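Me: Please take a close look at the salt bridges in this model for me, starting with any network. After that, I'd be glad of a friendly tour of whatever else stands out.

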Amino acid sequence: MLSTPFNETWVYDPRKPSLHDYSADIDDDGVPALEPCLERIGEHQRRLWANGEKACLMVFHGLDASGKDSLVRTLATYMDPAGFHAWSFGRPNGIEAKHDFLWRVVPYLPALGETVAFNRSHHEAVMAERLWPVRDESHYNWQARYSAIRAFEQHLVQEGTTVLKVWLHLSEEEHRQRLIKRLDKPRKRWKFDHSDIEAWKRRQEYLGVVEEVIAATHTPEAPWLILPGDRKPVARALMARILAEQLEALAPEYPKEDDEVLEQYRELLRKDS
């Protein structure tokens, strides 16, 4: 990830390993305007797609109702769908659980030129599976998985993919209120199942696991960003600015045109007119 003065504000600091050290809400001062950032994203995502030389992978994690879905929808507002894709991952099941934990995400990684968003990701293998295992507990070696994730993401970066990893940080009270609102909305209730009850009961335990995962998988090549999530418009604007800066660095210009081909095309069209 390209380091900029803006995104450095939100990069995880190993000297502050507890999520309690990070604010879930911030003042409006310094929050960028959303629409101009979305327009920049749209323009430079198209340039990235046209050049086909680099790729961008966004990885979003957060508690249930932290706003991951709506954030991805917002970022995609002006993107060309030919070069943008979004995928969601929960805990592995079925054939996924029978393979190594990275296997299921590999087919969905961005090709060169593409921008891809993961709503949850391979980090579920060290977050959710830590509390709700899908295999016998004797199978797990968490430190080995952390090492594999670091190596995997370093490999992606070396091959030309910028990796943006984001934790949407919610306060407990805001989390509670969002879950209550979700219960009150018929179009959102379907998201609930019995596991959500257990997740709320074990909220603090889960966040402790998340803190360990972030500390263990934070690297200079693929750092974690901790974004304040209590106000969705703020989180969207911050992430839009971060993504816009990254895409501009990856594809500042369209590829150089072939003047000879263009002149032949013009001549052909003149003859046919």
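Reply: Happy to! The network to start with links E43, R46, R47 and E253 through salt bridges, a salt bridge being a side-chain nitrogen of Lys or Arg within 4 Å of a carboxyl oxygen of Asp or Glu. Before going on, please note that this is a predicted model, in which local features need pLDDT of at least 70, side-chain atom pairs count only at pLDDT 80 or more, and totals for chains, interfaces and linings use all residues. Residues are numbered from 1 along each chain as its sequence is written, and side-chain values use heavy atoms, with hydrogens and water left out.

By that rule the count comes to 22 salt bridges. Three pairs are worth a visit, and for them I'll use these words: buried is under 20% relative accessible area, exposed is over 50%, and partly exposed is in between (1.4 Å probe, protein chains only). R15 and D13 form a salt bridge with their closest N and O atoms 3.0 Å apart. R15 is exposed at 73% relative accessibility, whereas D13 is buried at 17%. In the pair R104 and E96, the side chains meet at 3.3 Å, N to O. Here R104 is buried at 7%, while E96 is partly exposed at 25%.

The third pair, E172 and R176, has its closest N and O atoms 3.7 Å apart. These two residues are four apart in helix α5, so about one helical turn separates them. Helices (H or I, at least four residues) and strands (E, at least two) are DSSP runs numbered from the N terminus. E172 is partly exposed, with a relative accessible area of 38%, and R176 is also partly exposed, at 33%.

Helix α5 (172-184) leads on to α8, since it is among the elements that the buried residues of α8 pack against. The others are α3 (128-131), α4 (142-158), β4 (161-169), α7 (194-201) and β5 (224-228); contact here means heavy atoms within 4.5 Å. Helix α8 itself (residues 203-217) has 15 residues and reaches 21 Å from its first C-alpha to its last, close to the 21 Å expected at 1.5 Å a residue. That expected span is 1.5 Å times one less than the number of residues. The buried residues of α8 are R203, Y206, L207, V209, V210, V213, I214, A216 and T217.

Past strand β5, in the loop between β5 and α9 (232-250), sits G229. G229 is buried, with a relative accessible area of 1%, and touches A24, H169, L170, R178 and A235, leaving aside residues up to four places away in sequence.

L75, in helix α2 (residues 68-75), is buried too, at 1%. The C-alpha atoms of L75 and M239 are separated by 8.1 Å, although their positions lie 164 residues apart along the chain. M239 is also one of the residues that L75 touches, along with L38, I41, M58, F60, A240 and L243, again not counting residues up to four places away.

Two backbone spots deserve a glance. A65 has a phi near 75°, a positive value in a residue other than glycine, and lies in the loop between β1 (55-62) and α2. R120 likewise has a positive phi of about 65° although it is not a glycine, and lies in the loop between β3 (115-119) and α3. A65 is buried at 10%, and R120 is buried at 14%.

What about cysteines? The structure holds zero disulfides, a disulfide being a pair of cysteine sulfur atoms within 2.5 Å. The sulfur of C37 is 15 Å from its closest cysteine sulfur, in C56, so the two are too far apart for a bond. C37 is buried at 3% and C56 at 0%.

Finally, on the surface, Y265, L268 and L269 make a nonpolar patch of about 330 Å², with L269 lying in helix α10 (residues 259-272). Patches are made of residues with over 30% relative accessible area and no salt bridge, joining like charges within 9 Å and nonpolar side chains (Val, Leu, Ile, Met, Phe, Trp, Tyr) within 5 Å. Accessible areas come from the Shrake-Rupley method with a 1.4 Å probe, and for residues only the protein chains shown count as cover.
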